[in-house]
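Here is a friendly walk through one model, to be read with the sequence and the coordinates open beside you.

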Amino acid sequence: MSERKFKYVGTRPIRPDGVEKVTGRANYGADIVLPGMLHGAIARSEHAHARIVRIDTSAAEAMDGVRAVLTGADFPDIPNQWMGDDEGGIDFGAIAQNCMARDRVLYHGHALAAVAATTTAIAQEACRRIEVEYEVLPAVMDLDAALSPGATILHPEAHVRDGQPSNIATKIVYEGGELEDAFAQADVIVEREFKTPMVHQGYIEPHGCTVRFNEDGKYTIWCSTQGAFGVQMFAAMVLGLDPNLIKCVPTEIGGGFGGKTTIYLEPVAMLLARHTGRPVRMVMTREEVFRASGPTSGGKVRVKLGAKRDGTFVAGDCEITLEAGAFRGSPAGAAAMTALSSYRFPSYRIQSYDVVVNKPKVAAYRAPGAPISNFAVESCVDELSRELAIDPIELRLQNAVAEGDRAPYGPVFKQIGLRETLEQARAHPHYSAPLGENQGRGIACGFWFNAGLQSSAIVSVNADGSAIVRTGNPDIGGSRASMAIMVAEEIGIPVERVRPMVGDTESVGYTDLTGGSRVTFATGMAVIEASQKVVVQLRERAAIIWGVEVEDVRWEDGVAYGLNAAADQDPMPLHVVAPQLRTTGGPVVASAQLSPPAAGPGFATHICDIEVDPETGRSQVVRYTTVQDAGKAVHPSYVEGQMQGGAAQGIGWALNEEYVWDEDGKVENPGFLDYRMPVASDLPMIDTVIVEVPNPIHPYGVRGVGETPIVPPLATVANAMRSATGVRFEQLPMSPPRVLAATDETGS
Amino acid sequence: MARIIFSTAQRDWVDGAEILEIEAKRVVDLLKALYDRYPALAGRLDHAAVAIDGDIYNDARFQPLLADSEVHFMGQVAGGQ
């Protein structure tokens with residue numbers, strides 16, 4: 001595998017979707033316009049927690065231009081049922097109630113009614129005219145309140161701990177070794193508690209969809225999503241429909257980062273379309289995106305690490321508590337599984353809690369949960385390196401997991417590249433470059449599993465010798481380019497001769513979501529297999545043309561070669577074979593489908609230099625380097641883009657991003673002016689180093705790369721801040737007021 | 001025989017066992033044997049991801065097991081690239 005010489009894999013062809021995107025011709029979720037289309041809007045809760053006593057929609061219904069008004073009473077009752085084990089699962093009842101509240105609203109901005117009208121302005125005005133009588137209930141706005149004695153319980157019927165209703169939906173525990181004995185033998189112990197705020201994925205494109213309902217009972221949904229088949233299934237479950245009645249067409253997608261792996265508007269638009277008999281488009285405002293679509297959890301993590309004087313880690317203990325939002329389902333499981341997985345801890349205990357609060361229901365966000373627990377653990381590893389006076393990379397190398405080591409969540413690692421990323425980081429000029437005044441340097445590592453899941457692909461060859469590849473994964477991170485490269489590599493034609501397409505739920509086999517860093521790995525394997533089947537067919541066609549057996553034909557780099565030296569067989573390239581498909585058996589088409597195991601663990605090491613203004617507390621990342629094991633980079637520019645994007649999001653999480661809530665549980669900063677994400681001018685060019693330790697279960701050695709890069713930055717930046725200011729920041733974001741207060745307090 | 005290693009939480013359902021060895025050719029056979037032996041566990045692992053000799057499957061029901069396979073039942077992890 002690793003010795004294979006590639007012609008196209010590893011090159012950087014121009015992206016196939018580039019022209020449409022830079023010219024504005026690409027169609028995103030809000031761009032679908034149908035004849036007779038109505039515009040939908042949603043009325044949302046004004047309280048973080050309340051019982052809906054009465055909804056009066058008469059004033060809205062009386063407005064000119066209003067065609068339908070719906071409330072929770074118009075939606076089917078879907079029972080709450082957790083499908084899955086404690087550590088991961090789904091509850092379609094909760095998704096249904098999140099799309100449209102029934103008898104209670106559980107966060108400020110919770111949908112409670114919907115309007116379809118001839119214009120968006122009329123629909124929004126109609127929403128304002130809907131009168132709601134609430135019985136306001138106490139809101140549970142943070143983890144301490146949720147877990148305090150006598151706390152208001154959000155779902156008393158659903159979650160019971162020690163015989164009592166509780167806001168703890170799930171508790172997860174991993175442990176091994178003899179923890180107390182191990183800590184007793186440690187020469188150095190570091191123990192701290194960290195807090196991170198609820199943050200949003202911050203995708204530029206808001207949620208949007210258009211739905212058409214036909215008289216035969218069938219729906220077509222055009223929407224911005226990370227998974228068309230997921231939308232089909234989720235919408236069917238939420239509305240109690242046969243999935244066969246729903247076709248989902250994924251549009252171009254302007255970012256998702258996990259936040260578009262669920263549904264919000266789609267079932268509402270479906271019911272509005274059914275009630276009106278006309279297509280309905282719904283698009284969230286930016287404010288709605290912040291108030292009512294999936295952020296990731298705020299969290300509290302207590303970490304205790306013990307080491308021998310020589311730097312050997314002996315014990316690790318983590319307690320992780322994550323906000324789920326209004327319904328069960330924080331990434332408490334993944335946060336626990338990743339927390340201590342970068343290092344060998346002979347004795348360990350990880351406890352993780354999923355806690356419901358009166359905030360928006362969280363959704364996946366790039367390596368869900370891992371950045372939160374990693375921030376805490378890697379901050380403590382940094383403190384250990386200071387206490388032990390051991391270089392932070394040397395300490396990590398001394399304890400880094402490698403092939404054969406067992407992860408705390410159970411399995412033994414196969415071939416992995418954490419050590420290689422550390423060695424590359426140590427050798428990078430950044431690590432030894434001098435620092436300026438008021439500057440500090442930090443490093444941290446990070447780990448993410450990467451998913452496998454189900455994929456399918458169809459590859460066909462045209463009469464002109466070009467090829468088409470169709471998969472079911474919306475292209476969110478460059479998958480069309482990587483699919484085209486893999487087809488080109490297998491068939492032996494230039495990448496530009498391969499047209500990659502994203503199919504809908506009726507034009508390609510079932511394919512799981514674009515997420516979990518799985519697409520280039522899993523869907524790529526389906527593409528490789530389908531392309532190899534195409535090559536078999538092309539050999540068969542060449543054999544027919546030559547009048548020989550297929551075994552006597554070799555295919556190499558887009559050319560058929562006869563193996564019978566005695567025969568007069570000039571090499572026959574694809575552009576000669578392809579026009580003869582019609583007379584040799586018809587079109588060449590092949591498909592492949594698979595459900596592989598996970599995409600191979602991904603590890604990264606990041607280096608950050610930060611400069612802090614002692615007068616204002618404002619910080620500036622002045623240099624940042626990411627080193628990551630990609631297994632094999634199919635299109636290195638996209639891999640580098642993932643590494644840079646993950647780092648940028650993590651830096652924002654570390655330095656500025658947070659939801660700000662008022663005392664009534666209302667988000668005070670639901671817009672990009674007040675919710676401060678980093679923009680290009682905030683950051684230096686982020687340097688990237690791709691390490692390639694092949695993944696043994698992929699034919700090219702590919703690993704997932706999309707999520708790992710957001711795991712280390714929170715701690716990397718915090719460790720740099722510790723170096724620059726002398727202050728160990730235990731709470732994010734490290735915004736200027738917080739930095740100034742901390743440095744003033746310590747006199748740093 | 002396949003060697004099944006249980007997490008702390010899962011041990012509550014298998015009488016505290018940390019490791020069990022069970023004869024099974026496929027994951028589905030292993031589940032049936034486990035559920036027969038530990039009725040309190042029945043159904044609880046149906047949706048779990050399964051790590052077989054280090055490879056993690058989200059859909060492992062019919063995956064084959066080797067005579068000496070090591071098996072872990074885990075939470076489903078997808079993610080959000």
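The report below goes through the domains of one chain, a helix within it, the partner chain and the contact between the two chains.

## Domains of chain A

Please keep in mind that this is a predicted model. Chain A is divided into three parts: domain 1 covers 29-137 + 207-283, domain 2 covers 140-197 + 295-401, and domain 3 covers 452-594.

Between the C-alpha centres of domain 1 and domain 2 of chain A there are 35 Å. Their contact draws on 19 residues from domain 1 of chain A and 20 residues from domain 2 of chain A. On the domain 1 side, β5 (88-91) and α3 (92-99) of chain A each contribute at least two residues to the surface that touches domain 2 of chain A. Sorted by class, that side of domain 1 holds nine polar, seven nonpolar and three charged residues.

## Helix α12 of chain A

Now for a helix in chain A: α12, residues 392-399, has A:Pro392, A:Ile393, A:Leu395 and A:Arg396 as its buried residues. Looking down the axis of α12(A), you will find these buried residues within an arc of 160°, so they line one face of the helix.

What lies over them? The cover of the buried residues of α12(A) includes α11 (370-388), α13 (418-427) and β22 (439-448) of chain A.

## Chain B as a fold

Chain B has five strands and two helices, and along the sequence they come in the order β-α-β-α-β-β-β. The radius of gyration of chain B is 12 Å, close to the 12 Å that the globule rule gives for 81 residues, so chain B is as compact as a globular protein of that length.

Along its principal axes, the C-alpha trace of chain B spans about 40 × 25 × 20 Å. Of the 81 residues in chain B, 41% are buried. Among contacts in chain B with a separation of 6 or more, 45% come from residues 24 or more positions apart.

## Where the chains meet

How many residues does each chain bring to the contact? Chain A supplies 46 residues and chain B supplies 24 residues. On the chain B side, α1 (8-11), β4 (55-57) and β5 (70-74) of chain B each give at least two residues. The element that gives the most to this side is β4(B), with three residues.

By class, the side of chain B that touches chain A is made up of eleven polar, ten nonpolar and three charged residues.

Note on methods. Residues are numbered from 1 along each chain as its sequence is written. Chains are lettered from A and ligands numbered from 1 in the order in which they are written. This is a predicted model: local features need pLDDT of at least 70, side-chain atom pairs count only at pLDDT 80 or more; totals for chains, interfaces and linings use all residues. Domain bounds come from an automatic or database domain assignment. Two residues are in contact if their C-beta atoms, placed from the backbone, lie within 7 Å. Helices (H or I, at least four residues) and strands (E, at least two) are DSSP runs, numbered from the N terminus. Ala, Val, Leu, Ile, Met, Phe, Trp, Tyr, Cys and Pro count as nonpolar, Asp, Glu, Lys and Arg as charged, and the others, Gly among them, as polar. The radius of gyration is taken over C-alpha atoms; the globule rule is 2.2 Å times the number of residues to the power 0.38. A residue is buried if 20 or more other C-beta atoms lie within 10 Å of its own, exposed if 12 or fewer, and partly exposed in between; C-beta atoms are placed from the backbone. The arc is that of the directions from the helix axis to the C-beta atoms.
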